[in-house]
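Got your viewer open? Let's take a walk through this one, one selection at a time.

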Amino acid sequence: MRYVRQYRAPAALWCAVVVLLLSGCGTQVAGRGAGASPTATGPIPWTLAEPSRVTAARIGADHRTLSIDADVPSGDHPCVRDLKAVDTDAEYGAVPGTVHVQITFTSPSGDRRSGCVEETTATARVRLPEPLGERELVVDNHTVFTADGAKPPALRMCGRLGCRPPAVGCTPASYDQALIAAGAPEHTYRDAEHCDGTWLVLDFSWRTGPACDSDDKNPACSSRLGDRWFFRAERSGWEPVFESAAGGCEAVRREVPRFPAALCADLAPLSATLHPGSPPPSASPTAGGSPAPSATAP
């Protein structure tokens with residue numbers, strides 16, 4: 001509250017001056033203030049915005065009061081006002097098993113003259129009409145928290161595979177986790193899997209070239225890039241240990257001697273026309289193969 005009181009008097013004075021000169025303070029709504037274009041002249045507008053990132057959430061002893069931490073603009077002068085969290089289920093309709101909360105604030109950060117070019121953490125609070133219970137908390141439609149497996153008062157932030165990731169194993173859901181761990185691009189699809197529950201080989205591809213109609217016979221419309229990754233099962237999920245376009249076991253067992261021959265002996269080499277020249281973000285593929293950057297051979 002002290003932060004807000006220090007700001008209100010200058011804000012009122014500023015608006016009074018602008019009213020005299022320009023007949024009022026303009027307002028503008030923007031999805032994210034930090035991404036707006038700077039204003040060359042005139043008053044600096046305060047626009048409606050959402051946090052760039054939600055970082056943590058906590059539940060109160062009443063199991064209804066939520067405290068949510070988020071990154072908001074900061075600078076030498078006040079950069080945020082009217083920070084609030086709102087339970088939107090009453091307005092937009094509730095989804096079974098979830099509670100939706102939206103965080104908003106107003107900020108001049110869309111104009112770089114404001115000096116609001118840094119970020120800091122701020123906390124917004126909201127009291128739910130009933131206890132959170134086993135429901136998941138969804139903040140700004142994309143950050144999800146759960147009390148399951150969390151140490152109160154903290155809530156646990158869920159990952160790309162949801163709040164209850166699949167168990168490591170030879171299952172499609174587990175293979176999806178492996179693709180994420182390897183840094184595979186979006187819209188990747190699996191070509192083949194070789195799995196024994198402890199070790200895994202995944203061949204996967206992703207489309208390239210122009211957007212085409214379903215009946216387009218242009219060869220570029222069916223072009224794709226292919227890659228092959230080798231994984232080891234860990235408690236956290238499938239861990240990439242090696243990448244190679246080569247066939248057979250020689251390349252992988254040179255780096256990972258314990259990799260079972262039963263999973264690699266029959267592997268055919270990937271075609272050079274399919275193997276990516278531009279690797280997934282976490283990979284550094286070569287023709288002969290390369291170890292995963294974060295892994296060490298056992």
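**First stop: a histidine**

Select His-100: with a relative accessibility of 17%, it counts as buried (buried means under 20% relative accessible area, exposed over 50%, and partly exposed in between, using a 1.4 Å probe and protein chains only). A quick word before you go on: this is a predicted model, where local features need pLDDT of at least 70 and side-chain atom pairs count only at pLDDT 80 or more, while totals for chains, interfaces and linings use all residues. Residues are numbered from 1 along each chain as its sequence is written, and side-chain values use heavy atoms, with hydrogens and water left out.

Back to the histidine. His-100 sits in strand S6; helices (H or I, at least four residues) and strands (E, at least two) are DSSP runs, numbered from the N terminus. Now show what touches His-100, where contact means heavy atoms within 4.5 Å. Leaving out residues up to four places away in sequence, you'll find Val-86, Asp-87, Thr-88, Asp-89, Val-95, Val-138 and Asn-141.

**Next: strand S12 and its partners**

Select residues 199–207, which make up strand S12. Is this strand enclosed or open? Eight of its nine residues are buried, so strand S12 is largely enclosed by the rest of the structure.

Add residues 189–195, and you have strand S11, which pairs with S12 in the antiparallel sense over six bridges. (Two strands pair if DSSP finds at least two bridges between them.) To see one of those bridges, pick Tyr-189 and look across to Ser-205, its bridge partner in S12. S11 and S12 form a hairpin with three residues between them. Click on Gly-197 in that turn: its phi is positive, about 95°.

Then bring in residues 224–234, strand S13, which runs antiparallel to S12 and is joined to it by nine bridges. Here, try Phe-204, whose bridge partner in S13 is Asp-227.

**Now colour the disulfides**

A disulfide is a covalent bond between the sulfur atoms of two cysteines. Here the rule is a pair of cysteine sulfur atoms within 2.5 Å, and by this rule the count comes to four. Let's visit some of them.

Start with Cys-79 and Cys-116, whose sulfur atoms are 2.0 Å apart. The link of Cys-79 and Cys-116 is left-handed, with -90° about the S-S bond. What does it tie together? It links distant parts of the chain, 37 residues apart: Cys-79 is in the loop between strands S4 (65–74) and S5 (81–87), and Cys-116 is in the loop between strands S6 (98–107) and S7 (118–127). Both Cys-79 and Cys-116 are buried.

Hop over to Cys-158 and Cys-163, with sulfur atoms 1.9 Å apart. This link is right-handed, with 95° about the S-S bond, and both Cys-158 and Cys-163 are buried.

Then select Cys-170 and Cys-195, with sulfur atoms 2.0 Å apart. The torsion about their S-S bond is about -80°, so this disulfide is left-handed. The pair links distant parts of the chain, 25 residues apart: Cys-170 lies in the loop between strand S10 (156–157) and helix H3 (172–181), and Cys-195 in strand S11. Cys-170 is partly exposed at 39% relative accessibility, and Cys-195 is partly exposed too, at 21%.

**Last stop: colour by confidence**

Switch to pLDDT, the predictor's confidence in each residue, from 0 to 100. The protein chain averages 81, and 76% of the residues score at least 70. Select residues 279–288, where the pLDDT is below 50; this stretch has 30 contacts in the model beyond near neighbours in sequence. Where pLDDT is low, the predicted coordinates should not be read in detail.
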